[in-house]
Amino acid sequence: MATESWFYRFLLWREKHIKEKHFILIVSLLVGLCTAASAIILKQLIHFIQHFLTGNFDAAEANYLYLLYPVVGILLSGLFVKYLVRDDISHGVTKILYAISQRKSRIKPHNMWSSIVASGVTIGFGGSVGAEAPIVLTGAAIGSNLGRLFRMEQKTLMLLVGCGAAGAIAGIFKAPIAGLVFVIEVLMLDLTMTSVLPLLISSVTAATMSYIFTGTEAMFHFSQTETFEIGRIPYVLLLGIFCGLVSLYVTRVMNRVEGMYRKVGGYWTKFVLGGVTLSVLIFLFPPLYGEGYDTITSLLNGQFAHIMDTSLFYPLHDTYFGVLIFLSLILLTKVFASSATNAGGGCGGIFAPSLYLGCIAGFIFAHTSNYFPITMYLSEKNFALLGMAGVMSGVMHAPLTGVFLIAELTGGYDLFLPLMIVSISSYLTIMMFEPHSIYSMRLAQKGELLTHHKDKAVLTLLRADDMIEKDFQAVLPDMSLGDMVKVISKSRRNVFPVVDEKGVLLGIVLLDNIRNIMFRPELYNRFHVSKFMVSAPAKIQLNSSMDTIMRTFDDTKAWNLPVIDEGGRYVGFMSKSKIFNSYREVLVENFSGD
C-alpha cells in the first residue's frame with residue numbers, strides 16, 4: 001500500500017512538473033534500455049545453449065544428435081508455453097499488428113519475458129526459426145506495459161508499442177535506422193513529428209547498449225573485395241525478380257503448411273509430427289539448425305565448403321554441383337523446417353529465415369550464372385548479400401527495411417544502389433501475387449488490419465457490434481394494418497423488420513409505403529403486414545467487416561440495413577448516419593494533426 005501511495009504521488013508530481021511530450025521521450029528512453037537488455041539476454045542464451053550442445057561436433061562426420069536436440073527443444077518450449085504461460089505466444093509480429101489495429105495496444109505482461117525463454121530454448125536446441133519476432137513482441141510488450149504503468153493514453157500506448165519494436169530490432173541487429181523503418185513499414189505506424197523522436201530515441205538507445213556490451217563491429221563480417229559495376233545492374237534486376245518468386249514460395253508454402261498443422265489433432269500429435277519432420281530435415285541438412293547465421297557468415301565470406309560440415313553430403317563439399325544442389329535443397333526445405341518448429345510447440349519467427357533464404361538465393365543465382373561463360377562474372381559474396389535484402393523485402397513487404405537492415409548488418413554501404421534495386425524489384429514481383437505480407441495476411445483476411453490508408457484505417461477501428469441499433473419494433477407477417485398502426489404510434493422509427501415466430505427476417509415495412517392507407521380505419525382489418533412488406537435492399541451478416549458493410553451501403557444507396565446472424569435471424573439495424581458520426585469521432589481522436 002505504501003508503495004502504491006508513493007507511486008500515485010509520483011504520477012501526480014509528474015503531471016504537474018513534466019509535460020506529456022517530454023515524459024514520452026523519457027519513457028521511450030526507458031523502453032530502449034529495457035529492449036536492448038532483453039535482446040542481449042536472448043542472444044546470449046541462444047549462443048550458450050548452441051555452444052554447449054554442438055561445440056564438439058566433428059565437421060567431417062554426420063552427427064546423430066541432430067535427430068534428438070530439436071525434438072527436446074520444441075518439447076521443452078511447448079510444455080513451458082502450455083503449462084506455465086498458458087497463452088499463445090507464436091506469430092509475435094502479427095499479435096502486435098492486431099494490438100495496433102484494434103487501437104488498444106495492450107499486450108499481456110508475460111510477453112515481456114515468456115518469448116525470451118521459449119524462443120531461447122527453441123532456437124538453442126536447433127529450432128529452425130529466428131529470434132527477431134519473439135524479441136519484437138517482447139519489446140512491444142515492454143513499451144505497452146510501461147505506458148500502462150505510467151497511465152499513458154491509448155494514442156501514446158500505440159507509439160510506445162512502436163518504440164519497443166524499434167528498440168528490439170535496433171538492439172538485436174545493432175541497426176537503429178532499420179528499427180525505425182521497420183515500425184513504419186511493417187507495423188504501419190504513421191510517422192509524425194511527435195512520433196519520430198521517441199522512435200529514434202528507443203532505436204538509438206537500444207543500438208548503443210548493444211554496441212557497449214557486444215562490440216561495435218557489424219553483426220555479419222563482410223569485406224567487399226570486388227567493387228560493383230554499373231554493367232551488372234540487369235543481373236541485379238533479375239536477382240530481385242528471383243528473390244520475389246522465392247518470397248512468394250515462402251509465403252504461400254508456409255501459409256499452407258501451417259494450415260495443415262492446424263487441422264491436425266491435439267497438441268501431442270502436432271508435437272510428434274513437427275518434431276520428427278524437424279529432426280529429420282536438420283539431420284539431412286545441418287545448416288537448418290537454429291537461426292543459420294553461421295551459414296550466412298560463411299557465404300558472405302566465400303567459405304562455401306563450411307556449410308556442408310557435419311552433413312551426409314560432406315564428401316561433395318569441394319565440388320561445384322555438390323554445393324549448388326545442397327543449397328538448393330536447403331532453399332526448398334527451410335520453410336518446412338520453420339513451420340514444423342512452430343507447429344510442434346516451438347517459438348520463433350520468420351525474420352532470420354528470410355535473411356537466411358535470401359543469402360542462399362543470392363549465392364545460388366550468382367553461382368549458377370558464373371557456370372555459363374557467356375554471362376558476366378558475378379561476385380557470389382555480393383549477390384549473397386543482395387539476396388538477403390531481396391527476400392526480406394518480399395516476405396515482409398518492406399523494401400526500405402530490407403535495404404537499411406542489410407546495409408547496417410553487414411556494413412555493405414557501398415552496395416546501397418544495388419540493394420535498393422533488388423529490394424524494389426523483389427517487392428514489386430511479389431505484389432503481383434500477394435497484396436499482404438506474411439505477417440499481415442491473417443489479419444487482412446479477417447478485416448482487422450490497420451493500414452496507412454486513412455479511410456480503411458478508420459473503418460478498421462470501428463467495431464461493427466457497436467454500430468447495431470436495436471430500438472426497431474419487429475412485427476409479424478400476419479399482423480393486421482390496425483395492429484401495425486398501434487406499433488407505429490409507439491415507435492420513433494420509420495422502418496420495421498418483419499420476422500417469423502423463430503425470429504428469421506422475412507422483410508421490412510417502410511412507413512412511407514403505407515402512409516396513404518394507415519389513416520383509413522376501414523382498411524385496418526383488410527390488409528396484413530405480409531401484403532405490404534418489402535424485401536430489404538440487402539442484409540448485413542453479423543460478423544462482416546466494416547469495409548464490407550460500407551461497400552454494401554454504397555452499392556444499395558440505402559441509409560438503413562438490417563443485420564442478421566448465420567441462421568438468418570434478425571439482430572438489429574445499421575444506419576449510415578450512425579456510422580458516419582462514429583467515423584468522424586474516430587478520425588478526430590486518432591488521426592488529427594499533432
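This note covers one sheet and one helix pair in a predicted model.

1. The sheet is open and has 4 strands in the order S1-S6-S5-S4, with mixed pairing. Strand S1 (468–469) and strand S4 (540–541) stand at its edges, and each has a single partner strand, so one side of each is left without a neighbour in the sheet.

2. At the S4 edge, S4 pairs with strand S5 (residues 560–564) in the parallel sense, over 2 bridges. Within this part of the sheet, isoleucine 540 stands opposite valine 563 of S5.

3. Helix H24 (residues 546–556) lies across three strands of the sheet, namely S4, S5 and strand S6 (570–575). The helix runs at about 135° to S5.

4. Elsewhere in the chain, helix H14 (residues 351–369) packs against helix H15 (residues 380–396) at an angle of about 135°, and their axes are 6 Å apart. Angles over 145 degrees would count as roughly antiparallel and those from 65 to 115 as roughly perpendicular, so this pair falls in the oblique class. The crossing of H14 and H15 is right-handed.

5. On the H14 side, the contact includes Phe351, Leu355, Gly358, Gly362, Phe363, Phe365 and His367. On the H15 side, among the residues in contact are Glu380, Phe383, Gly387, Met388, Val391, Met392 and Met396. By class, the residues of the contact of H14 with H15 divide into 15 nonpolar, 5 polar and 1 charged. Glu380 of H15 is the charged one, since Glu counts as charged.

Definitions and conventions. Residues numbered from 1 in each chain as written. Predicted model: local features only at pLDDT ≥ 70, side-chain atom pairs only at ≥ 80, totals over all residues. Heavy atoms only, no water. Pairing = 2+ DSSP bridges. Contact = heavy atoms within 4.5 Å. Axes fitted to C-alpha atoms, helices over the stretch in contact; angles between N-to-C directions. Parallel < 35°, antiparallel > 145°, perpendicular 65-115°, else oblique. Left-handed = near helix turned anticlockwise from the far one by under 90°.
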